[in-house]
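Work through the two exercises below with the coordinates open, and compare each step with the solution that follows it.

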Amino acid sequence: MTGYSAAPQVERIAEKLIAAHHQHLATVPIRYVWRDKAAQSKGNIVFGKARKVSGLAAHLVHLVRDDEPPDEVEFFVIEIAADMWPTLTDAQQTALIDHELCHLGVDIPEGGDKDRSLVVRGHDLEEFAAVVGRHGLWRPAVETFHAAVAMQLTLDDIAAPSHGKAKE
Ligand SMILES: [Zn+2]
């Protein structure tokens with residue numbers, strides 16, 4: 001059976017990322033847990049997963065812990081595979097948590113009298129490397145992704161001038 005435990009190390013990194021890049025999550029309840037063994041999905045190792053807990057499951061949690069206002073029934077959970085975590089560099093660990101935080105969305109309905117709702121968002125891009133290899137930037141999502149990669153490459157150039165290799 002899969003075991004779970006609290007992941008304060010993940011929470012510390014997430015708090016920094018939320019302050020810098022995900023301010024809309026500042027007041028959203030998020031739990032961070034280790035999953036002792038990574039799951040597999042479609043043949044890939046799952047390093048992390050973002051979920052929303054709502055409905056009966058959330059109510060049951062609130063029966064045993066009383067640390068959120070009663071109207072904050074829904075909450076997010078980010079689970080990280082504890083067995084894969086040590087295989088990642090610091091930079092990869094931060095990127096992984098940033099990735100999971102990008103899944104966490106808050107919908108604020110217009111009108112104002114309805115509660116905000118938490119939503120788990122999908123990825124910007126699901127694509128095969130072979131298709132991009134054959135057809136290039138064939139749709140806007142691929143183009144957007146390419147632009148982000150190009151921007152990152154430029155940032156790397158600024159951080160590491162060409163006459164010296166950056167230290168890892
Ligand atoms: Zn994802």
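**Exercise 1.** Determine what spacing the donors of the zinc ion follow along the chain, and state for His99 and His103 how accessible each is.

*Solution.* The donors (N, O and S atoms within 2.8 Å of the metal, or 3.2 Å for Na, K and Ca, with water not among the atoms, so that sites may look incomplete) follow the pattern H-x3-H-x19-H. Their identities are His99, His103 and His123, each coordinating through NE2, at 2.0 Å. The model is predicted, so that local features need pLDDT of at least 70 and side-chain atom pairs pLDDT 80 or more, while totals for chains, interfaces and linings use all residues. Residues are numbered from 1 along each chain as its sequence is written, and side-chain values use heavy atoms, leaving out hydrogens and water.

For accessibility, buried means under 20% relative accessible area, exposed over 50%, and partly exposed in between, with a 1.4 Å probe and protein chains only. His99, at 37%, is therefore partly exposed, whereas His103, at 11%, is buried.

**Exercise 2.** Work out in which sense strand S2 and strand S6 pair, and over how many bridges.

*Solution.* Strands are DSSP runs of E with at least two residues, numbered from the N terminus, and two of them pair if DSSP finds at least two bridges between them. Strand S2 (residues 30-35) and strand S6 (residues 75-81) pair in the parallel sense over six bridges; within this pairing, Tyr32 of S2 has Ile78 of S6 as its bridge partner. Both strands belong to an open sheet of four strands, in the order S1-S2-S6-S5, with mixed pairing. Strands S1 (4-6) and S5 (48-53) stand at the edges with a single partner strand each, so one side of each has no neighbour in the sheet.
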